[in-house]
Amino acid sequence: MRNKVVLRRLLANRQARYGLIALALLVVLAYFGPYIGAHDWSEKDFLSFLSAPSADHWWGTNQIGQDIYAVTLHGMQKSIVIGLLVAVISTGLAALVGASAGYFGGWLDRAMTWCVDLLLVLPSFLVVAVISPRLKNASWLWLVVLLAVFGWMITSRVVRSMTLSLREREYVLAARYMGIPGWRIILRHVLPNLSSLLIIDATLNVSGAILGETSLSYFGFGVQPPDVSLGTLIAAGSDKAVVYPWLFFFPAGLLVLLVLSVNLIGDGLRDALDPGSTR
């Protein structure tokens, strides 16, 4: 019943509807668009270097003859996957650490709080920038791990504070008196009551992770050649944006639309899950 109410409130939000439609179209374009294109992202047309958009190359080509349409959609696939994985890992980590610290308390709470405070002090971008070059020959999944490691601390503190209140509720005390293990109480009673916060956090973490990956890739610390992402494409086309605008504006435009649509959905979810919202 509650899920139906949340869905109805979400769909009633005009901005959220626009975000859902835009995100659905972008995902369809990213994963099904390459099948209607005439070229693969790894192909090189040695007769068309830096050619403008045409009937053969819809979005033009780059300096090595790759089709911008195919390359950009492949890069957007990678950015979407990285965003989703980072969001799931960081939100899940925040939920487990925050709920465990708040529920069990004692030395575990102190140790986890100290780790969270330490990670918050560290300059995450610089740490990832220092570590990434040492992983150039490794899988891009290491980039997911690095982004997720520095994306969960603030949410975990919120989860911890809410867990401190939830652990004194009657149903949690009853479960504890019945001898149910603490980890099962956390999974069955604590985290479900924090689902609204965690859903919103995961949604917003997607856009944050995409922007983080784009920033790192722009400076050469993210996805490494020959693979591509929106960040690497924007970096490659930024210095040619005036003379060859298609190299920059297509990946940059898709990045803006992707992040904007996810943020609109996140704002809509926050309003839909908030009983006090008047929207």
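The following exchange between a colleague and a modeller goes through a predicted model, from its overall build to its pockets, rings and helices.

Colleague: How many helices does the chain have?

Modeller: In this predicted model, the C-alpha trace spans about 75 × 45 × 30 Å along its principal axes, and 44% of the 279 residues count as buried. Read along the sequence, the pattern is α-α-α-α-α-α-α-α-α-α-α-α. That pattern goes with 0 strands, and the number of helices is 12.

Colleague: Which element gives the largest share of the lining of the largest pocket?

Modeller: The largest pocket, with a volume of about 400 Å³, is lined by 22 residues, and Gln66, Val228, Thr232, Leu233 and Ala236 are the ones nearest its centre. The elements that give two or more residues to this lining are helix H3 (68-104) and helix H11 (230-238). By class, the lining has 11 nonpolar, 9 polar and 2 charged residues. The largest share, 4 residues, comes from H11.

Colleague: How many charged residues are in the lining of the second largest pocket?

Modeller: About 260 Å³ of space lies in the second largest pocket, and of its 13 lining residues the closest to the centre are Ser124, Leu147, Phe150, Gly208 and Gly212. At least two lining residues come from each of H3, helix H5 (124-131) and helix H10 (195-218), with H10 supplying the largest share, 5 residues. Divided by class, the lining has 7 nonpolar and 6 polar residues, and the number of charged residues is no more than none, that is, no charged.

Colleague: Is the aromatic pair of Trp59 and Tyr69 stacked or edge-to-face?

Modeller: The structure holds 7 aromatic pairs, and in the one formed by Trp59 and Tyr69 the rings are 5.0 Å apart, centre to centre. Trp59 sits in the loop between helix H2 (14-36) and H3, whereas Tyr69 is in helix H3, 10 residues apart from Trp59, and both residues are buried. The angle between the planes is 80 degrees, and planes over 60 degrees apart count as edge-to-face, so the pair of Trp59 and Tyr69 is edge-to-face.

Colleague: How many residues apart in sequence are the parts that the pair of Trp59 and Phe250 ties together?

Modeller: Trp59 and Phe250 form a stacked pair, with 4.5 Å from centre to centre and 0 degrees between the planes. Trp59 is buried at a relative accessible area of 15%, while Phe250, at 27%, counts as partly exposed. Ring pairs link these two residues with Trp58 and Tyr69 into a cluster. Because Trp59 lies in the loop between H2 and H3 and Phe250 in helix H12 (residues 246-273), the pair ties together parts whose separation in sequence is 191 residues.

Colleague: Within what arc do the buried residues of H9 fall?

Modeller: Helix H9 (residues 182-193) has 12 residues and reaches 16 Å from its first C-alpha to its last, close to the 16 Å expected at 1.5 Å a residue. Its buried residues are Gly182, Ile185, Ile186, Val190 and Leu191. Seen down the axis of H9, these residues line one face of the helix, because they fall within an arc of 145 degrees.

Colleague: Which residues of H7 are buried?

Modeller: The 14 residues of helix H7 (residues 153-166) should span 20 Å at 1.5 Å a residue, and the end C-alpha atoms are 20 Å apart, which agrees. The buried residues of H7 include Met153 and Leu166, and the buried set covers an arc of only 145 degrees around the axis, so it lies on the same side of H7. In full, the buried residues are Met153, Thr155, Ser156, Val159, Thr163 and Leu166.

Colleague: What is the phi of Leu50 near?

Modeller: Leu50 is found in the loop between H2 and H3, and with a relative accessible area of 21% the residue is partly exposed. The phi of Leu50 is positive, in a residue other than glycine, and its value is near 55 degrees.

Colleague: What distance separates the C-alpha atoms of Ala12 and Gly268?

Modeller: Ala12 has its place in helix H1 (residues 2-12), and at 58% relative accessibility Ala12 counts as exposed. Ala12 and Gly268 are 256 residues apart along the chain, and their C-alpha atoms are separated by 9.2 Å.

Terms used:
Residues numbered from 1 in each chain as written. Predicted model: local features only at pLDDT ≥ 70, side-chain atom pairs only at ≥ 80, totals over all residues. Heavy atoms only, no water. 1 Å grid on protein atoms, 1.4 Å probe; cavity = no way out; pocket = protein on both sides within 12 Å on 5 of 7 lines; lining within 4 Å. Points joined across faces, edges and corners; volume = space filled by probe spheres on them. Nonpolar A, V, L, I, M, F, W, Y, C, P; charged D, E, K, R; others polar. Phe/Tyr/Trp six-rings, centres within 6.5 Å; stacked < 30°, edge-to-face > 60°. Buried < 20%, exposed > 50% of the residue type's maximum accessible area, 1.4 Å probe, protein only. Expected span 1.5 Å × (residues − 1). Arc of directions from axis to C-beta.
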